[in-house]
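Q: Could you take a close look at one part of this structure for me? I'd like a connected walk through it, residue by residue.

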Amino acid sequence: MNEYHRQEYWFESADYDLQTAKAMLETKRYLYVGFMCHQTIEKALKGIFVSKYPDKELPYIHRLLKLSTLSGIREDLSEEQLSLLDILGPLNIEARYPLNRSMLLASLTQNRCEKMILETEALLAWLKTKR
């Protein structure tokens, strides 16, 4: 089986990215806290997808809401979880190609990033129960 079709690969990568988000918080690199939180959830959703649909081609997308739909769990997500996906969604692109870097950085405060990590950690734990 291809490495990318193993759910363990995706969940191990998600755990690693969450730890990286925490390291970025400690060093006050807030832009990358959001990016790594996005990566954490994206990889967990891909882990669910390959677990549920082992014979399907893994979609090459990064949109969290779309991945939650394709993984068959969107209807199970709470309003708070959907809200987190909305918040994290643009941070994937914005971290890599910030059109207004100063405005984005101003919005990513220590408190906001701490909350984002806690919510990401909780969502990751919940997503692990869905595989």
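A: Let's start with a pair of side chains: Lys 46 and Glu 42 are joined by a polar contact of 3.0 Å. This is a predicted model, so please read each distance here as a computed value. Lys 46 sits in helix H2, and its relative accessibility is 5%. Because buried means under 20% relative accessible area, Lys 46 counts as buried. Setting aside neighbours within four places in sequence, you will find Lys 46 in contact with Trp 10, Leu 58, Pro 59, Ile 61, His 62 and Leu 67.

Now move to another lysine of the helix. Lys 43 also has its place in H2, and with a relative accessible area of 18% it is buried. What does the side chain of Lys 43 make a polar contact with? The partner is the side chain of Asp 17, at 2.7 Å. Asp 17 appears again among the residues that Lys 43 touches, together with Trp 10, Ser 13 and Ala 14, when residues up to four places away in sequence are not counted. Trp 10 is thus worth a click in your viewer: it is a contact of Lys 43 and also a contact of Lys 46.

Next comes Ala 44, again a residue of helix H2. Is Ala 44 buried or exposed? It is buried, with a relative accessible area of 0%. Not counting residues up to four places away in sequence, Ala 44 touches Phe 11, Ala 14, Leu 124 and Leu 127. You have already met Ala 14 as a contact of Lys 43. There is also a pairing to look at between Ala 44 and Tyr 9: they are 35 residues apart in sequence, while their C-alpha atoms are 9.6 Å apart in space.

Further back along the helix is Val 33, which lies in H2 as well. Val 33 counts as buried, at 0% relative accessibility. Apart from neighbours within four places in sequence, its contacts are Ala 21, Met 24, Leu 25, Cys 113 and Ile 117. Val 33 and Met 116 are 83 residues apart in sequence, yet 8.3 Å separates them in space from C-alpha to C-alpha.

Those partners lead us to the pairing of two helices. As general background, two packed helices are described by the angle between their axes and the distance between the axes. Here, the axes of helix H2 (residues 30-52) and helix H7 (residues 110-128) come within 10 Å and cross at roughly 10°. H2 and H7 are therefore roughly parallel to each other. On the H2 side, the contact is made by Tyr 30, Val 33, Gly 34, Cys 37, Thr 40, Ile 41, Ala 44, Leu 45 and Ile 48. On the H7 side, the residues are Gln 110, Cys 113, Met 116, Ile 117, Thr 120, Leu 123, Leu 124 and Leu 127. Sorted by class, this contact of H2 with H7 has 13 nonpolar, four polar and no charged residues. Ala 44 and Val 33, the two residues we have just visited, are both on the H2 list.

Thr 40 is on that list too, and it takes us to helix H1. Tyr 16 and Thr 40 are 24 residues apart in sequence and 7.9 Å apart in space, C-alpha to C-alpha. Tyr 16 has its place in H1 and counts as exposed, at 60% relative accessibility. Between helix H1 (7-26) and H2 there is a loop, and Lys 28 lies in it. Lys 28 is exposed, with a relative accessible area of 54%. Have a look at its backbone as well: phi of Lys 28 is near 60°, a positive value in a residue other than glycine.

Finally, step back to see where this part belongs. The chain has seven helices and zero strands, following the pattern α-α-α-α-α-α-α along the sequence. Of its 131 residues, 43% count as buried. Among contacts with a separation of 6 or more, residues 24 or more positions apart account for 66%. One more helix is worth a glance: the buried residues of H4 (residues 79-88) are Gln 81, Leu 82, Leu 84, Leu 85 and Leu 88. Seen down the axis of H4, they fall within an arc of 155°, so they line one face of the helix. Glu 79 and Glu 80 are exposed on the other side of H4.

Methods: Residues are numbered from 1 along each chain as its sequence is written. This is a predicted model: local features need pLDDT of at least 70, side-chain atom pairs count only at pLDDT 80 or more; totals for chains, interfaces and linings use all residues. Side-chain values use heavy atoms; hydrogens and water are left out. Axes are lines fitted to C-alpha atoms, for helices over the stretch in contact, and angles run from 0 to 180 degrees between N-to-C directions. Helices (H or I, at least four residues) and strands (E, at least two) are DSSP runs, numbered from the N terminus. Angles under 35 degrees count as roughly parallel, over 145 as roughly antiparallel, 65 to 115 as roughly perpendicular and the rest as oblique. Contact means heavy atoms within 4.5 Å. Ala, Val, Leu, Ile, Met, Phe, Trp, Tyr, Cys and Pro count as nonpolar, Asp, Glu, Lys and Arg as charged, and the others, Gly among them, as polar. Buried means under 20% relative accessible area, exposed over 50%, partly exposed in between (1.4 Å probe, protein chains only). A polar contact is a pair of N or O atoms within 3.5 Å; within protein, one must be able to donate a hydrogen and the other to accept it, and residues adjacent in sequence count only if both atoms are side-chain atoms. The arc is that of the directions from the helix axis to the C-beta atoms.
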